[in-house]
Amino acid sequence: MIIIVDSREQIPLEFRKSSNVEGTKIATLKTGDYSIEGYEDKISFDRKNPADLFGSLGSGRKRFGKELERAQEMDYFAIIVECSYTNIKEKTFEGAEFIRKMRGDVVIKQIHTLKQKYGIDTIFCNGRKEMASYIRDVFVSYLNQQKIDVKNNTDTWTKGWVGFNQTHSTRTGD
């Protein structure tokens with residue numbers, strides 16, 4: 001697979017080449033910062049450092065809301081944060097002293113609202129290496145499931161998977 005990195009991503013994550021990752025390409029993504037070549041409209045991660053997260057849920061909320069609306073059309077979209085849950089909640093990350101208008105507990109409540117209302121996951125990672133590993137692993141799982149789906153002519157990626165936005169499930173009678 002080739003991982004697409006949004007052209008606006010200022011300091012891209014590094015994805016090492018492996019049997020699963022052929023490399024990366026820089027391109028403009030409509031939604032998110034990382035996707036898979038050929039699946040840019042199906043799966044994406046939006047990377048946030050703590051300051052980005054507070055900004056997106058505060059003063060940048062309107063712009064971010066438009067991105068979340070586009071994300072509703074995808075099989076999977078998640079926000080991935082370069083910080084721990086506790087450090088966001090307690091505002092104990094580097095640079096937190098410069099973010100005066102929002103409390104950490106309010107940001108955490110907004111994150112839970114995004115999950116409950118829109119099915120959007122937020123993943124907290126301890127550093128960039130862990131973020132890249134997490135994204136790669138989800139992309140590999142998604143592509144493996146796509147191969148099974150094509151073979152069986154089914155849509156199992158969205159069925160009952162914890163991370164999927166259930167409002168877009170193809171199941172009937174649930």
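Charged residues dominate the count in the lining of the largest pocket: 14 are charged, 5 are polar and 2 are nonpolar. Keep in mind that this is a predicted model.

**The two pockets**

That largest pocket has a volume of about 440 Å³, and 21 residues line it. If you want to find its centre, look for Arg8, Glu9, Asp33, Arg47 and Asp52, which lie nearest to it. The elements that each give two or more residues to this lining are strand 4 (43-48), helix 1 (50-57) and helix 2 (61-71).

The second largest pocket comes in at about 300 Å³. Around its centre, the nearest lining residues are Arg61, Gly65, Leu68, Leu114 and Tyr118. Helix 2 and helix 4 (104-118) each supply at least two residues here, and helix 2 gives the most, with 7 residues.

Here are the two side by side:

| Pocket | Volume | Lining | Classes in the lining |
|---|---|---|---|
| Largest pocket | about 440 Å³ | 21 residues | 2 nonpolar, 5 polar, 14 charged residues |
| Second largest pocket | about 300 Å³ | 14 residues | 5 nonpolar, 4 polar, 5 charged residues |

**Helix 4**

Now for helix 4, which lends residues to the second largest pocket. Does its length agree or disagree with what its 15 residues should span? It agrees: at 1.5 Å a residue the expected span is 21 Å, and the end C-alpha atoms are 21 Å apart.

The buried residues of helix 4 are Gly104, Val107, Ile108, Gln110, Ile111 and Leu114. They sit on the same side of helix 4, because they cover an arc of only 160 degrees around the axis. Turn to the other side and you'll find Lys109, Gln116 and Lys117 exposed. What do the buried residues pack against? Their partners are helix 1, helix 2, strand 5 (76-81), helix 3 (85-89) and strand 6 (121-124).

Just past the helix comes glycine 119, with a positive phi near 75 degrees.

**Glycine 32**

One more glycine is worth a look. Glycine 32 is in the loop between strand 2 (23-27) and strand 3 (34-36). Is it buried or exposed? Glycine 32 counts as buried, because its relative accessibility is 4% and the cut-off for buried is under 20%.

Setting aside neighbours within four places in sequence, glycine 32 is in contact with Asp6, Ser44, Phe45, Asp46, Glu67 and Phe77. Among these, glutamate 67 is 35 residues away along the chain, yet the C-alpha atoms of glycine 32 and glutamate 67 are separated by 7.6 Å.

Conventions:
Residues numbered from 1 in each chain as written. Predicted model: local features only at pLDDT ≥ 70, side-chain atom pairs only at ≥ 80, totals over all residues. Heavy atoms only, no water. Helix = DSSP H or I, 4+ residues; strand = E, 2+ residues; numbered from the N terminus. Buried < 20%, exposed > 50% of the residue type's maximum accessible area, 1.4 Å probe, protein only. Contact = heavy atoms within 4.5 Å. 1 Å grid on protein atoms, 1.4 Å probe; cavity = no way out; pocket = protein on both sides within 12 Å on 5 of 7 lines; lining within 4 Å. Points joined across faces, edges and corners; volume = space filled by probe spheres on them. Nonpolar A, V, L, I, M, F, W, Y, C, P; charged D, E, K, R; others polar. Expected span 1.5 Å × (residues − 1). Arc of directions from axis to C-beta.
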